[in-house]
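Me: Got a minute to go through this model with me? I'd like to start with the charged pairs and then wander a bit.

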Amino acid sequence: MARIRMPDRVFLALESATTPQHVALLATFGPPAGAEPGPYVQRLFERLVAAPVAAPFTFRPRHARWGALDGTWEVLAGQDVDRSYHLRRSALPAPGGERELTDLVSRLHARPLDTTRPLWECHLIEGLADGRFALYVKVHHALTDGLGVQQRLRRMLSTDPRDEGLRPLWSIAAPADHSTGAEGPTARGLAATALGLGRAARTMARGVRARADRTRAVPFLVPRSPLNAAVGRQRQVITRSYEFDRFRAVAKDAGTTVNDVLLAVCGGALRQCLAAAGALPARSLTAGTPVSTRETGDASTANSFAMTVMSLGTDVADPLERLRAVARSSALAKRELGELPKGSTGLYGALFTWPFVAQNVLGLGGATRPPYNVVVSNIPGSSQRMYFAGCPLETVHPLGSVCHGVGLFIAARSAGGRLNLGLVGDRSLLAPLDGLGDALGDQLGLLEEALGTT
């Protein structure tokens with residue numbers, strides 16, 4: 001048995017047929033030089049099925065329905081995990097393209113994981129043009145966060161195209177980051193927590209008092225939009241990929257960060273689509289942005305992040321002014337998070353995460369105001385050319401999950417000189433935003449034009 005950490009229970013509490021809580025990655029690969037795609041993919045799948053399974057991919061809730069309350073993982077032996085269930089093979093009508101791939105992944109991403117089994121799946125998808133294939137891997141958020149998945153991805157890949165070793169995510173032994181102990185908090189720990197909670201509450205209260213400041217984004221003080229209703233069972237996955245240097249050049253010329261540019265591009269795209277649908281609110285939409293709380297060099301994969309809230313500048317028409325507004329909001333949110341006592345940054349997010357969980361559990365999600373309108377997550381990656389068992393990595397798109405009240409999750413990851421975006425939304429809520437994927441490129445181009453960036 002293993003204890004389920006309190007931050008991980010959040011995602012078990014949010015789990016339902018309409019709000020499955022898994023994170024995922026969608027990676028595309030080319031075949032090794034000289035390999036015949038069909039036979040090679042068959043051999044690769046057989047090797048994946050034969051690969052060992054390590055913790056936490058051996059964990060399942062001891063009580064499938066009340067896992068968040070029970071608080072205990074049942075730990076299976078690796079050989080007892082039914083790999084023929086967890087690994088699936090699919091084929092697109094050849095030659096499959098991006099639309100066919102994302103249509104399939106949209107259906108796969110909508111399906112909840114089976115909580116009577118270890119909480120992960122891997123789908124090998126063949127049929128892409130030129131012998132290419134994809135891996136879609138989803139893992140319950142109670143086991144890991146988006147950065148944790150990417151930490152495992154880095155260890156799965158190699159910079160050597162001749163390295164034919166197979167190290168799938170589920171075979172990589174995790175650091176000791178999923179506690180198996182039952183030690184309670186100490187008096188000193190409780191006192192530090194109380195102090196941190198008080199500081200976090202004062203920081204949030206200061207934001208509420210200053211809500212007239214358009215720069216400051218405050219949890220729950222958000223405008224209503226079509227994205228903030230109750231979600232259904234269907235998802236839509238949208239992927240886009242851009243040269244990373246385009247974002248870096250805009251950031252340099254504007255004196256901002258790449259993450260500021262990403263937020264401004266997302267805000268501009270949402271403004272463009274909501275205005276076209278006649279549903280643009282007067283006040284700016286806000287983004288919940290996960291910030292890793294890991295120390296430098298920490299390779300753990302368990303949930304370790306704090307949520308902050310930042311403005312997306314959707315109330316600003318000019319692209320460059322929007323970027324500046326986003327940068328001011330981002331700097332303010334980061335400064336306030338940095339002012340909290342060490343080790344208590346996660347408490348700031350907890351102050352609005354748990355009320356949000358309560359909204360969803362009580363059936364109020366979508367009827368009450370959420371802490372933010374959308375989630376935007378930016379995960380750093382590698383600029384090096386990477387390979388998986390000799391197969392060159394082409395793109396890797398991180399994918400998040402949605403809840404009642406927050407029907408859109410935008411995630412980004414850099415890889416091989418590209419910035420890859422993965423958008424996950426409730427299909428019915430995204431209906432007014434059919435052009436959202438294309439609008440991202442439009443808004444990046446408008447920023448480049450405004451700055452004279454080439």
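**Charges, cores and gaps**

Reply: Sure. At 27% relative accessibility, Asp160 counts as partly exposed (buried is under 20% relative accessible area, exposed over 50%, partly exposed in between, with a 1.4 Å probe and protein chains only). Before going on: this is a predicted model, where local features need pLDDT of at least 70, side-chain atom pairs count only at pLDDT 80 or more, and totals for chains, interfaces and linings use all residues. Residues are numbered from 1 along each chain as its sequence is written, and side-chain values use heavy atoms, with hydrogens and water left out.

Me: OK, which residue does Asp160 form a salt bridge with?

Reply: Arg162, with the closest N and O atoms 3.2 Å apart. A salt bridge here is a side-chain nitrogen of Lys or Arg within 4 Å of a carboxyl oxygen of Asp or Glu. Arg162 is exposed, at a relative accessible area of 71%.

Me: How many salt bridges does the structure hold?

Reply: There are 18. Another of them joins Glu74 to Arg60, again with 3.2 Å between the closest N and O atoms. Glu74 sits in strand S4 (residues 72-75) and Arg60 in strand S3 (residues 59-61), so this pair ties together parts 14 residues apart in sequence. Helices (H or I, at least four residues) and strands (E, at least two) are DSSP runs, numbered from the N terminus.

Me: And are Glu74 and Arg60 buried or exposed?

Reply: In between. Glu74 is partly exposed at 25% relative accessibility, and Arg60 is partly exposed at 24%.

Me: What about Asp426, which side chain does that one meet in a salt bridge?

Reply: Arg235, at 3.4 Å from N to O. This pair links distant parts of the chain, with Asp426 in strand S15 (residues 418-426) and Arg235 in strand S8 (residues 235-243), 191 residues apart. Asp426 is buried, at 1% relative accessible area, and Arg235 is buried too, at 3%.

Me: Which residues are linked in a network of salt bridges?

Reply: Asp82, Asp114 and Arg117 form one such network.

Me: Now Arg9. What's the nearest side chain of opposite charge?

Reply: Asp70, but it is 8.0 Å away, and Arg9 is buried without a salt bridge. For charge, Lys and Arg count as positive and Asp and Glu as negative, while His and the chain ends are not counted. Arg9 lies in helix H1 (residues 6-14). Setting aside residues up to four places away in sequence, Arg9 touches Ile4, Ala68, Leu69 and Gly71, where contact means heavy atoms within 4.5 Å.

Me: Switching topic: which residues touch the most other members of the largest nonpolar core?

Reply: Phe29, Leu48, Trp73, Trp120, Leu135, Trp170 and Phe388, out of 65 residues in that core. A nonpolar core is a set of buried Ala, Val, Leu, Ile, Met, Phe, Trp, Tyr and Cys residues joined through side-chain atoms within 4.5 Å. Helix H2 (residues 37-50) gives the most to this core, with five residues.

Me: What is Trp73 in contact with?

Reply: Leaving out neighbours within four places in sequence, its contacts include Met1, Leu12, Phe59, Arg60 and Leu143. There is also a second, separate core of 41 residues, with Phe247, Cys266, Ala287 and Leu419 among them.

Me: And Val406, where is that found?

Reply: In the loop between strand S13 (391-399) and strand S14 (408-415). Val406 is buried, at 4% relative accessibility. Its C-alpha atom is 7.7 Å from that of Gly366, 40 residues apart along the chain.

Me: Last thing, holes. How many cavities of 30 Å³ or more are there?

Reply: Two. On a 1 Å grid over the protein atoms alone, a cavity is a set of points where a 1.4 Å probe fits but cannot get out, a pocket is an open set with protein on both sides within 12 Å along at least five of seven lines, and lining residues have an atom within 4 Å of a point. The lining of the second largest cavity includes His22, His109 and Arg235.

Me: What lines the second largest pocket?

Reply: 21 residues, of which Leu12, Ala13, Leu14, Glu15 and Arg65 lie nearest its centre. H1 gives the most to that lining, with four residues.

Technical notes:
Points joined across faces, edges and corners; volume = space filled by probe spheres on them.
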